Amino acid sequence: INAEYMGVGDQGVELLAEYLAKNHTLWYLDLSHNRVGTEGAEALADALVANQALKRLNLAHNQITEEGGRCMERTLRINNHLQELHLENNNVSHALLQFIATCVTLNSQQHEVKQVLLQAQDNDPLVVEVELGAVAAGVAGVVRAEDAMAAQLDDQAMTSVVYCLSNNTYVEVLDLSNGRVGSAGCRALADLIRRNQYLRTIRLAHNQVDDAGISPIIDALRLNHVLTEFDVAGNPVSDFMRRRLRLALLLNAQPRLLKQLAWRLRAGDQTIKTLRLADFDGERYCDDSSCEVLQYYLAEATHGVQHIDLSNNMIGDQGAQHLATLLEGTKSLQTLKLDGNQIGNEGLACLLKALTSGSNLKLLSIAKNEVSDPLLLQQLDARLKESAKRSQESPQPVVPRKSSKSMSLEYSTDNFHRMENDILADALRDRVQLLRSR
């Protein structure tokens, strides 16, 4: 029925609504430009609760207020059949129009998917995991779609997912496996990653994600400090991009200062001469994964870092292996302090091997670790003396000592407090640019 410009008004719409509630065949109704107000919108909303046939409804260019829009919102939480609803050029707020559009979009998905996302949009504290890609029964704290085939979300549906989860503070796991999400859907997810600081895991296994889809995800992780798992198994993503994604996620598990330093290094900042990530106030926060992060970002970037202090942390043999790889490929590094960690004979052996491969390191301090072989310490001392002799500098002896665990401020090349302020300022500028682009 096309009834635009017919002056129907609220009374006419109320009569039409009585018919519509009992009708099972009408699928299109155009009531635009008819001076329909709040009462007419309420009558249509009540009719749509019972009506299961109408697919398209046009109420544009009328006099519907926010109250009338709320009536349509409540109905659309129940009605799962309406596929198109026009409410533009009424007196309804943009936020409400956006929510109504989301409800209509979700009507193209399975009913359970819609209810799951609406619960998330309402910030239901009982929902901590939204699983839309697995066949399983619901359990406490977990909401799942019943039919994975019907729940296959595509790029278009990602807009609704992002809208419903952007302001959620309880959901920690989002499972979108076994869908049809591609590059466009990943761009929408990247927006969610920037906005939401509560999601810890996103599973996107067995979709249609490629390298072009992973790139915006990696960029978005720069402004996210919580997400540590993003599963892309079974997608056509190259090994190179998989490694970049893994390291970006690994960076989120590191201290925020290390994360911001890594991004500055990747951006080509050559003003940083000293990385001092030693123990602060008894909090051990650097481990083997931190060394892998340093190895990757220092190897990838052109930098001028000369001194690294990782004293009094939780670095073991695996971390020492990553640092050894870094020494082999970095010629600018002159000082590496690893006092008070958990490095054993195997880790020190890797570091010694790196010193023979052309490293310019002049000081390697490894006191208060778990090295039990005195021969390794003697070899280290000899290698450093040889390196110092080549550069006509006096070596500093490497002798395990019984000093306190408090951090030793031996370097003053950079003012770290000023650096941290600069890092936060860079992140703020990135955020402002992002908001302006929107």
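The side chains of R180 and D154 form a salt bridge, with an N to O distance of 4.0 Å. This pair links distant parts of the chain, 26 residues apart. R180 lies in the loop between strand 6 (173-175) and helix 7 (183-195), while D154 lies in the loop between strand 5 (142-144) and helix 6 (155-165). R180 is partly exposed, with a relative accessible area of 35%, and D154 is also partly exposed, at 22% relative accessibility. The model is predicted, and the values in this report are computed from it.

## Salt bridges

A search of the whole structure finds 11 salt bridges. Three of them are listed here with the closest N to O distances.

| Salt bridge | N to O distance |
|---|---|
| R70 and E73 | 3.0 Å |
| R77 and E73 | 3.6 Å |
| R180 and D154 | 4.0 Å |

E73 takes part in a salt bridge with R70 and in another with R77. R70 and E73 both belong to helix 3 (residues 66-76), and because they are 3 residues apart there, about one helical turn separates them. What is the burial state of E73? With a relative accessible area of 11%, E73 is buried. The two arginines are classed otherwise: R70 is partly exposed at 38%, and R77 is partly exposed at 23%. A network of salt bridges links E66, R70, E73, R77 and D122.

## The sheet of strands 9 to 12

An open sheet of 4 strands has the order 9-10-11-12, and the pairing is parallel. Strand 9 (274-276) and strand 12 (363-365) stand at the edges. Each of these two has a single partner strand, so one side of each is left without a neighbour in the sheet. From one strand to the next, the twist averages 0°.

Within this sheet, strand 10 (residues 307-309) runs parallel to strand 11, and 3 bridges join the two. Which residue of strand 11 stands opposite H307? The residue facing H307 is T335.

## D339

D339 is found in the loop that runs between strand 11 (335-337) and helix 13 (345-355). The residue is buried, with a relative accessible area of 6%; the class follows because buried means under 20% relative accessible area. The side chain of D339 makes a polar contact of 2.6 Å with the side chain of S365. A polar atom of the D339 side chain also lies 3.3 Å from the backbone nitrogen of I366. S365 takes its place in strand 12, which spans 363-365. The contact between D339 and S365 therefore joins the loop after strand 11 to a strand at the edge of the sheet.

## Aromatic pairs

A search of the whole structure finds 4 aromatic pairs. One of them is formed by W27 and Y28, whose rings are 6.0 Å apart centre to centre with 50° between the planes, a tilted arrangement. Y28 is partly exposed, with a relative accessible area of 23%. Another pair is formed by Y296 and Y297: the ring centres are 4.9 Å apart and the planes stand at 90°, so the pair is edge-to-face. Both Y296 and Y297 are buried. Ring pairs also link W263 with Y296 and Y297 into a cluster.

## L245 and L223

L245 is placed in helix 9 (residues 239-252). How buried or exposed is L245? L245 counts as buried, at 3% relative accessibility. Leaving aside residues up to four places away in sequence, L245 touches I214, I217, I218, L221, F230 and V232. The C-alpha atoms of L245 and D219 are separated by 9.6 Å, the two residues being 26 residues apart along the chain.

L223 lies in the loop between helix 8 (211-220) and strand 8 (229-231). Several of the residues that L245 touches, among them I214, I217 and I218, have numbers within the span of helix 8 (211-220), and F230 falls within strand 8 (229-231). L223 counts as buried at 18% relative accessibility. The C-alpha atoms of L223 and R194 are 5.7 Å apart, although 29 residues separate the two along the chain. R194 falls within helix 7 (183-195), the helix that borders the loop holding R180.

Note on methods
Residues numbered from 1 in each chain as written. Predicted model: local features only at pLDDT ≥ 70, side-chain atom pairs only at ≥ 80, totals over all residues. Heavy atoms only, no water. Buried < 20%, exposed > 50% of the residue type's maximum accessible area, 1.4 Å probe, protein only. Polar contact = N/O pair within 3.5 Å; in protein donor to acceptor, adjacent residues only side chain to side chain. Phe/Tyr/Trp six-rings, centres within 6.5 Å; stacked < 30°, edge-to-face > 60°. Pairing = 2+ DSSP bridges. Axes fitted to C-alpha atoms, helices over the stretch in contact; angles between N-to-C directions. Contact = heavy atoms within 4.5 Å.
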